[in-house]
Amino acid sequence: MTDVRSELIELSRVLGDPHHDLVILGEGNTSVRAAGDSFWVKASGTELAAADVHSFVRVGRQPILEALGREALSDEEVQRLLREATVEGNRAPSIETFLHALCLDLPGVQFVGHTHPTAAAAVLCSARSRELLSGALFPDQIVLLGPALVYVPYADPGLPLAHAVAQQLAAFEQQHHRVPRVILLENHGVLALGSTAREVLTITFMLVKMCRILAGTLAAGGPRFLTAASVERIDRRPDERARRADFK
Ligand SMILES: [Zn+2]
């Protein structure tokens with residue numbers, strides 16, 4: 001077995017561990033870049049907690065990215081396309097394969113973890129989710145998650161969601177000139193983008209902690225966001241950059 005696939009299996013099992021309350025049953029999916037312009041992604045109908053060699057399929061990146069350029073595809077066309085893009089494995093790739101291809105196309109992103117943490121979904125399903133998630137609350141959040149997160153309004157899972165994410169990624173790049181670490185999916189869940197499997201875990205756990213703190217602030221007058229100057233200071237401090245590197 002290739003090393004990246006064993007790392008992906010381990011990452012998936014930790015994300016799927018019921019103690020972390022990130023997913024239940026078949027929720028969530030993971031991926032990693034692989035050789036020959038391809039990537040491993042979770043197969044449809046498998047559980048993260050029980051991930052093994054049979055839980056993943058390897059798909060070609062190009063056919064998936066090309067499909068993203070097409071506006072409307074029927075459900076049958078999407079399924080056929082996913083089957084045709086599969087280069088290794090017998091199962092059907094997850095419907096969120098399009099989303100993973102987009103994220104793995106970003107510079108430095110090797111692993112992607114998509115989960116539905118209860119703590120994050122509670123905020124993302126709330127009436128003021130965009131506003132509540134628009135600022136930074138504490139220094140370690142900035143160190144691990146970056147100064148800003150990508151926020152994506154609700155879209156139908158699959159190709160429509162991938163189109164919505166592509167749009168917000170372009171807007172984020174234009175505004176912040178950097179690769180995001182977190183993508184928030186309204187009324188749905190989160191994506192953690194990492195250069196290593198460990199980074200996907202630390203990003204996911206810090207994001208969950210941030211959402212719990214955010215929920216706590218709502219019982220005490222609402223969040224008090226750090227100022228833009230404080231956020232920039234933490235983001236640029238050499239000691240914080242060194243700490244960030246330690247978590248990879
Ligand atoms: Zn999902």
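Where in the chain does aspartate 37 lie? Aspartate 37 is found in the loop between strand S1 (29-34) and strand S2 (38-42), where helices (H or I, at least four residues) and strands (E, at least two) are DSSP runs, numbered from the N terminus. The structure is a predicted model, in which local features need pLDDT of at least 70 and side-chain atom pairs count only at pLDDT 80 or more, while totals for chains, interfaces and linings use all residues. Residues are numbered from 1 along each chain as its sequence is written, and side-chain values use heavy atoms, with hydrogens and water left out.

**The chain as a whole**

The chain has 11 helices and eight strands. Its C-alpha atoms fill a box of roughly 50 × 35 × 35 Å, taken along the principal axes. A compact globule of 248 residues would have a radius of gyration near 18 Å, and the chain agrees with this, at 18 Å; the radius is taken over C-alpha atoms, and the globule rule is 2.2 Å times the number of residues to the power 0.38. Of the 248 residues, 50% count as buried, where buried means under 20% relative accessible area, exposed over 50%, and partly exposed in between (1.4 Å probe, protein chains only). Among contacts (heavy atoms within 4.5 Å) with a separation of 6 or more, 68% come from residues 24 or more positions apart.

**The zinc site**

The protein donors of the zinc ion are His114 (NE2), His116 (NE2) and His188 (NE2), which lie 2.0 to 2.1 Å from the ion. Donors are N, O and S atoms within 2.8 Å of the metal (3.2 Å for Na, K and Ca), and since water is not among the atoms, sites may look incomplete. Along the chain, the donors follow the spacing H-x1-H-x71-H. Histidine 114 lies in strand S5 (residues 111-115) and histidine 188 in the loop between strand S7 (182-185) and strand S8 (189-194), so this pair ties together parts that are 74 residues apart in sequence.

**Burial of selected residues**

The table sets out the relative accessible area of several residues.

| Residue | Relative accessible area | Class |
|---|---|---|
| Histidine 114 | 1% | buried |
| Histidine 188 | 14% | buried |
| Threonine 97 | 0% | buried |
| Histidine 100 | 0% | buried |
| Aspartate 37 | 36% | partly exposed |
| Histidine 177 | 63% | exposed |

**Helix H4 and its contacts**

Threonine 97 has its place in helix H4 (residues 97-104), and histidine 100 lies in helix H4 as well. Leaving aside neighbours within four places in sequence, threonine 97 is in contact with Phe39, Val41, Val59, Ile64 and Leu82. Histidine 100, not counting residues up to four places away in sequence, touches several residues, including Phe39, Val41 and the zinc donor His114. The C-alpha atoms of threonine 97 and glycine 158 are separated by 7.7 Å, although these residues are 61 residues apart along the chain.

**Two positive phi angles**

Most residues other than glycine have a negative phi. Aspartate 37, which is not a glycine, nevertheless has a positive phi of about 55°. Histidine 177 also has a positive phi, near 55°, and this histidine lies in the loop between helix H8 (159-176) and S7.
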